[in-house]
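This report walks through a single protein chain, beginning with its interior and then turning to its overall form. Please look over the sequence and the structure before reading on.

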Amino acid sequence: MAFMKISDIDVSDYIKTLSISHEPVWNTKAGRTLTADFVGRVIARKWKLQCTTRPLSQVEMQTITNLLEGADFFDVEFIPTNETNSITRTFYVNAPSTKVYTYSDKLPNVRYEGLSFNIIQQ
């Protein structure tokens, strides 16, 4: 079963860790008062998916980065914490980062330790 698709491409096999949060979005008047009490209203909640991939080859890295950086916004299908079935929402990505494992041609199937990225609902 696919637990994550980006632009209709199943990326579940690439994902090593996934942390899901439902971030509050506060109204524009939210903040601390002079007595340090927090005031405001939550006007929406947006999904944030913190992802880390397993080690990737050059071709796999290219596949993932093309999905993430191919458009400003993209659809993601995932199983949220408060549902039993998958949902699809529009997301954007922060700056993905990776550590290079090796550029050696003797290890063509493992080039990167993994890719870390956050995708945030629009």
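## The nonpolar core

Which residues have the most contacts inside the largest nonpolar core? In this predicted model, they are L68, V76, F117 and I119, and the core to which they belong has 23 residues. Several elements each give two or more residues to this core, namely the strands β1 (4-6), β6 (42-53), β7 (74-78), β8 (87-93) and β10 (112-121), together with the helix α1 (58-69). In soluble globular proteins, nonpolar side chains tend to be buried together.

F117 can serve as an example of how such a residue is surrounded: leaving aside residues up to four places away in sequence, F117 touches I15, L49, Q50, C51, T53, I64, L68, V93, N94 and P96.

## Order of the elements

The chain contains one helix and ten strands, and, read from the N terminus, these elements follow the order β-β-β-β-β-β-α-β-β-β-β. Among the contacts with a separation of 6 or more, 59% are made by residues that lie 24 or more positions apart.

## Overall form and surface

The radius of gyration of the chain is 18 Å, whereas a compact globule of 122 residues would have a value near 14 Å. The C-alpha trace spans about 65 × 35 × 25 Å along its principal axes.

Of the 122 residues, 30% are buried, while the accessible surface of the chain comes to about 7,900 Å², with 48% of that area belonging to carbon and sulfur atoms. The chain carries 13 positive and 13 negative charges, and the mean positions of these two groups are 8 Å apart.

Technical notes
Residues are numbered from 1 along each chain as its sequence is written. This is a predicted model: local features need pLDDT of at least 70, side-chain atom pairs count only at pLDDT 80 or more; totals for chains, interfaces and linings use all residues. Side-chain values use heavy atoms; hydrogens and water are left out. Helices (H or I, at least four residues) and strands (E, at least two) are DSSP runs, numbered from the N terminus. The radius of gyration is taken over C-alpha atoms; the globule rule is 2.2 Å times the number of residues to the power 0.38. Buried means under 20% relative accessible area, exposed over 50%, partly exposed in between (1.4 Å probe, protein chains only). Contact means heavy atoms within 4.5 Å. Accessible areas come from the Shrake-Rupley method with a 1.4 Å probe; for residues, only the protein chains shown count as cover. Lys and Arg count as positive and Asp and Glu as negative; His and the chain ends are not counted. The place of a charge is taken as NZ of Lys, CZ of Arg, CG of Asp or CD of Glu. A nonpolar core is a set of buried Ala, Val, Leu, Ile, Met, Phe, Trp, Tyr and Cys residues joined through side-chain atoms within 4.5 Å.
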